[in-house]
Amino acid sequence: MAHIVVIGAGPAGLAAAEALAAGGCAVTVVERMPTIGRKMLMAGRGGLNLTHSEPLDRFLTRYGAARRWLEPALRAFSPDDLRAWAAALGQPCFVGSSGRVFPRAMKASPLLRAWGARLAEQGVTILTRHDWTGWAGPRRVRVVSPRGERVLAADAVVLALGGASWARLGADGAWTGLLAGGGVALAPFRPANCGFRSNWSDTLRARFAGTPLRGIALTQEGGPTVRGEAVVTARGLEGGAVYALSAGLRDRIAADGQARVMLDLRPDMTEAALAERLARVRGRESLSNTLRKALRLPAVAVALLREGGAAPPRDAASLARLVKAVPVTLTAPDSLDRAISVAGGVREDAVDARFMLRAWPGVFVAGEMLDWEAPTGGYLLQACFATGRAAARGVLAWLQEGAKERYPS
Ligand SMILES: Cc1cc2nc3c(=O)[nH]c(=O)nc-3n(C[C@H](O)[C@H](O)[C@H](O)COP(=O)(O)OP(=O)(O)OC[C@H]3O[C@@H](n4cnc5c(N)ncnc54)[C@H](O)[C@@H]3O)c2cc1C
């Protein structure tokens, strides 16, 4: 029986372990944290958006250029397969109003518990508090636990070490040193699905940091518009609508040093309708009172109209125009560690179609450590599950070929 070591007990690593055990391998999962799936648990705080219900052809477009190499994996383990898999673990899903798919429990812990139990039944060994530190000779995996160093023999290895954000949950990107040292081509990490910095006034920062802007629409200047929610932070803006535009905003800032977004504070009303309502209320009322009475805009929205130095216009038509397009200049993405996910990592040309590293035959890679990005909406977890399974199929095929090459010492 082949013995496979999977490193990283996030969704990608656990999906690989499950498929490898089902394929008849003895599997050991190595995880540096005290428990499995820490980032998935954190995702569960937002309801655990597992995948999306849109048609597969549209779904695949969300991966942009990475569709080219992820598509076979995503077709082989599709959103429907993921939902059936969760249901089989006692976690049936529902489709939310936006088409996003969530387990009915709206959290990750029951799913992870059931998954852990199934892996145990399959005979998978999970070594927590074990940190992978490199190789100890051909087909020898070096790990460090609180009891000291250990060497695990493995016929093949699946690396599923995650990206480089939210390091406190386990994935800190430290693996890049080991892989780059072994000649694996890597793309630099960049934040994805991230917030952005803006030079807020002290007043806005002091009074409104942490305040949500609900039911807004956000437009990247010269780019797409999304409806949703944003949050004013002490540093700038974050939240679902910002994340949805974040890849384009990040790239614009990289090219031009800044990017502009327009906030539509009342996307449900036309500019003319807003102007008409404003004209009815204005008079001797203050700006705040006018906006509150006519448009039910909260104090944070009024403060945003005042940002940028110039006083907001007095006449109803100009004020309505501003409410529909409050300009905000973004100066930099927020820190990598605060991003929901990262772009960059193991490049497409560093792996073959089975997700095996060209530099290290017998070592396969899955999940967020691969160089792809996608918006929030369930696309991240779906690709981690799908590439985890694809890497496992790659291992099984490679073993069946009776491959003689060995990964490095
Ligand atoms: C706040 C938040 C909310 C999110 N919500 C969603 C959501 O609703 N839907 C969605 O699709 N995606 C969501 N994501 C993203 C999603 O959780 C990740 O993309 C996904 O968990 C990545 O899976 P992975 O298995 O590749 O890596 P991870 O889940 O990061 O797992 C990697 C594992 O490898 C371990 N590891 C790293 N280095 C070593 C080492 N040297 N030795 C041993 N172990 C090591 C880590 O401890 C970790 O457990 C969210 C992310 C965050 C931060």
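**Exercise 1. Sort the ligand shell by class, then find its polar contacts and the elements that build it.**

Step 1. The shell around the ligand holds 18 nonpolar, eight polar and five charged residues. Here Ala, Val, Leu, Ile, Met, Phe, Trp, Tyr, Cys and Pro count as nonpolar, Asp, Glu, Lys and Arg as charged, and the others, Gly among them, as polar. The model is predicted: local features need pLDDT of at least 70, side-chain atom pairs count only at pLDDT 80 or more, and totals for chains, interfaces and linings use all residues. Residues are numbered from 1 along each chain as its sequence is written, and side-chain values use heavy atoms, with hydrogens and water left out.

Step 2. In total, 31 residues surround the ligand. A residue joins the shell if one of its heavy atoms lies within 4 Å of the ligand. The closest are E31, N49, W132, E368 and L381.

Step 3. Look for polar contacts (a pair of N or O atoms within 3.5 Å; within protein, one must be able to donate a hydrogen and the other to accept it, and residues adjacent in sequence count only if both atoms are side-chain atoms). A polar side-chain atom of E31 sits 2.6 Å from a ligand oxygen. A12 uses a backbone N or O atom, 3.0 Å from an oxygen atom of the ligand. For D131, a side-chain N or O atom is 2.9 Å from a ligand nitrogen.

Step 4. Check the cover. On its own the ligand has 1,000 Å² of accessible area, and the protein covers 94% of that. Areas come from the Shrake-Rupley method with a 1.4 Å probe; for residues, only the protein chains shown count as cover.

Step 5. Assign the elements. Two or more shell residues come from each of α1 (11-22), α2 (38-44), β7 (131-135) and α14. Helices (H or I, at least four residues) and strands (E, at least two) are DSSP runs, numbered from the N terminus.

**Exercise 2. Locate the largest nonpolar core and the helix that gives the most to it.**

Step 1. A nonpolar core is a set of buried Ala, Val, Leu, Ile, Met, Phe, Trp, Tyr and Cys residues joined through side-chain atoms within 4.5 Å. Buried means under 20% relative accessible area, exposed over 50%, partly exposed in between (1.4 Å probe, protein chains only).

Step 2. The largest core has 86 residues, and V141 and V346 have the most contacts inside it. Helix α14 (residues 379-400) gives the most, with 12 residues. Apart from this core lies another, of 45 residues, including A259, L265, L322 and V326.

Step 3. Follow V141. Contact means heavy atoms within 4.5 Å. Beyond four places in sequence, the partners of V141 include V5, I7, W132, L152 and Y407.

**Exercise 3. Is R389 buried or exposed, and which residues does R389 touch?**

Step 1. R389 lies in helix α14.

Step 2. Its relative accessibility is 18%, so R389 counts as buried.

Step 3. Leaving out residues up to four places away in sequence, R389 touches A15, A16, E18, F77 and W85.

**Exercise 4. Place W200 and describe its surroundings.**

Step 1. W200 is in the loop between β12 (196-197) and α8 (202-208).

Step 2. W200 is buried, at 6% relative accessible area.

Step 3. Its contacts more than four places away in sequence include V232, T233, L304 and V328. The W200 side chain also reaches the backbone oxygen of T233 at 3.1 Å.

Step 4. Compare D80. W200 and D80 are 120 residues apart in sequence and 44 Å apart in space, C-alpha to C-alpha.
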